[in-house]
Every structure is written in structure tokens, then in C-alpha cells.
Amino acid sequence: RGRRWVSSPRQRLYNADRAESILVELERVARNEADKNKNKYVLHATPYNIAILARVQTLDTNTPKTKRRNEGIILHAQSILDHMEFEMGVAADPYTYSILLNAWTKQSCPGNEKAADYAEELLRRRIEDVDISKIYSDDKPSTKTVDDVWPNVKHYSSVLKAHANCRSPAGARKALSLLSEMEKRFYDANVISEEEEEDTDFHVDQKDAAKPDLVCYSIVIDAFAKQKQLAEASDVAFRLLRATEEKYHAGDMSMKPNNRIYTAVILSLVHSPYNGGDAAKLNNAQRAWSLLDEMKANDVQPNSFTYNYIINCCAQLASQDENEKQISFEIAIKAFQELRKMAASSDDNDGETCSTDVYHPDSFTYAFTLKACLNLLPPSPFRTKV
């Protein structure tokens, strides 16, 4: 009593096999009833979902995700979906796809990009079904609500997360491509191209497709922010940030950029120099600080991660121009001092200190500040003193 019961791997395997055997029996009863022209036993998605979930729960979390055993388990679970739809003629529901997409997403990691590809293949299977049904349906205006639409935004975000989990340039680009497809389907807009002839008006009355939400943007921005091999990473991150801002200013309050999005865009500047329209006016350190000013103007509270990335962005300055080095060093010190003031203010308000609080300097803060001193100041007694 008072303890959470956790089944053993052997028990979970038994449960999955038992669920499938019960499902076979239910199908037998349904067939017999159908032969008698009785409609008492009409199968629907729920028993299949239970069997699929039971099989997915046999995944071995202690096995490296790159091993084929777990892949085989999910493919087995997906074969139940195939049997359900193609042999039994039972329509899947959103939960059916959620179980399988989440399973693939959890298996996706560096070195196992195949899991993310499987997730997208499954999502596209449902998208194609929807597109085909639209072709053969009457040309009547859609009466669907947001809750009726599927694949829904959670299905898309699962696949976006699967690609992001790969932490590879290909994974980031696949995530961006899928987000762009969501935009086209819902808004009839394109977030990749910046060409003026593209129609970027937001047709918010189109509700027959999943609306990309702030989580979707956050996943993709984060995927690019962590890429050290993509020259366009910061350009893409900025473009996606501006897309969320445009929607917010157009009246969609749910699309207000939050701390995570702003901080991820700042992180992208650490790994990738910005090559946008004003690239010649500001260096990356100045651009990172301008994002901090935007956050404050929009009532978005920065935290230690935000300041740490600003300091690191300054420390990573590639230019050898002494004036730019001085500007970047001043920004780094200003960010360091602001974070310390924020920590002091937090302590005064809370009445206690917490070195692990997100508003306090941490070991990374001091490490990045020291790196800024080393990289931006010439060897001198002043640098030693600092």
C-alpha cells in the first residue's frame, strides 16, 4: 500500500500477448454476429488501441534505442493498425495514431534517425487518407471544429519532436519542412520562402487542418538552435520567431513568443552567424542583446539560460576587429551584471537564496564570462584583474 505497482518485462509481455488473444476472440464473435445479420458486436477502435498500447508498453527502456529489438516491437504494434484498417475495416481514431507516434518519438535519437522517418511515414499515411476523402467527398463547406480535425497538432508535434531528437542537420531540415507543410495547409502561407510574391496572408477561417501552435515553432527553432553544422541555423530561427510575432500581432494571443523561443533564437547565434538583411549593421553579440530588449518590451522574463547564451554569443565572436571585440565584451559584462542583479532581487523577494534557481548565475555563467575575457581582451594586467 502506498507504493506504485510496476510490472516486470515478463508481465508486460504476457499482458500484450493476452490482449491480442482477447482481440482475436472479439473479432471471431463479431464475424459470427455479422454472419447472422446481427449488429450487436460491431468493433471499433478502442480494443485495438488497448492491444497496441499493451504491445508498445513492452518496449525495453534499458535497451539502447538504436537496437532493432524495440523497432520490431513498434512495427508489431503498427501491424495491428494495418490489420485493423485493411483487413477488419475498422477506422482508427486519433488515440491510435498518438500511441504509435509517441512510441517512435521516444526511440528517435542521434544515430536512430530511422525512428523519426517511421513516425513521419505513419503521419503521412493519415494525411493521405484525409486528402483522398476530401477528393471523394461532396463539395460542401467543412463544419469540423478544431477538436474534430486529425491528424491534430499533437500528432504533428510528435513527429517534429522525433526529427528534432536526431540532433542532425537532416533532422532539423525535415522538421522545418513539416512545419512549412502545416503552415500551407492551415494558413496557405510559406514560412521557408521570403519571396515577396508568396501569399503570406493568414486565413484563420480555414479549420480543416491542424493549426501549428507555439509548441511546434519552439521544437523547430530549438532543433536549429542546437545545430553547429548549419550555416543557416540562425537565419531560420529568426524567420520562425518573426512568424510567431506576426501571428501574435495579428490577434492570435496563443502565438505570443515565450522565453523558450527567444532563448533558443539567441542560442542559434552562438553556433551560426546571422546573415539577414541587417547583418552588416549588428554583430551577433549586439543582435543577441537586441533580442533581450525585445523580450523585456514584450513582458517576457529572461532567465539564466538567456543571459548565459548572450554571454557565450559574445565570447564566440569571430571578428578580429578590436572595436567589435570591445562592444561584445561590454555586452557580456552587462549581461553578467544584470543576471547578478536579477538574482539579488529574487533573493530579496523570496527571503532565501537558491543557487540552482533559473534566475541565478550558475557554473556556465562564470565559464562563459571567463571565456569572453580570454577571447575579447588582449593580454594585459587589466584582463588578469577582470
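Student: Axes are lines fitted to C-alpha atoms, for helices over the stretch in contact, with angles from 0 to 180 degrees between N-to-C directions. At what angle do α2 and α3 cross, then?

Tutor: Roughly 170 degrees, with the axes of α2 (residues 45-56) and α3 (residues 68-87) coming within 8 Å. That makes α2 roughly antiparallel to α3, a label for angles over 145 degrees (under 35 is roughly parallel, 65 to 115 roughly perpendicular, the rest oblique). Mind that this is a predicted model, where local features need pLDDT of at least 70, side-chain atom pairs need 80 or more, and totals for chains, interfaces and linings use all residues. Numbering runs from 1 along each chain as its sequence is written, and side-chain values use heavy atoms, leaving out hydrogens and water.

Student: Which residues of α2 meet α3?

Tutor: From α2, A45, Y48, A51, I52, R55 and V56; their partners in α3 are I73, H76, A77, I80, L81, H83 and M84. Contact means heavy atoms within 4.5 Å. The residues split into 10 nonpolar, two polar and one charged. Nonpolar covers Ala, Val, Leu, Ile, Met, Phe, Trp, Tyr, Cys and Pro; charged is Asp, Glu, Lys and Arg; the others, including Gly, are polar.

Student: OK, and how far apart are the axes of α8 and α9?

Tutor: 9 Å, at an angle of about 165 degrees, for α8 (residues 214-225) and α9 (residues 233-249). That makes α8 roughly antiparallel to α9.

Student: Who's touching whom there?

Tutor: L214, Y217, V220, I221 and F224 of α8 against A233, V236, A237, L240, L241, A243, T244 and K247 of α9. That's 11 nonpolar, one polar and one charged.

Student: Switching topic: is S158 buried or exposed?

Tutor: Buried, at 12% relative accessible area; buried means under 20%, exposed over 50%, partly exposed in between (1.4 Å probe, protein chains only). S158 sits in helix α6 (residues 153-165). Leaving aside residues up to four places away in sequence, S158 touches L101, N102 and T105.

Student: What about cysteines, how many disulfides?

Tutor: Zero, counting a disulfide as a pair of cysteine sulfur atoms within 2.5 Å. C216 is buried at 0% relative accessible area, and C373 is buried at 7%.

Student: Zooming out, how many helices and strands are there?

Tutor: 15 helices and zero strands. Both are DSSP runs numbered from the N terminus: helices are H or I, at least four residues, and strands E, at least two. Buried residues are 46% of the 386 in the chain.

Student: And what share of contacts is long-range, 24 or more positions apart?

Tutor: 70% of the contacts with a separation of 6 or more.
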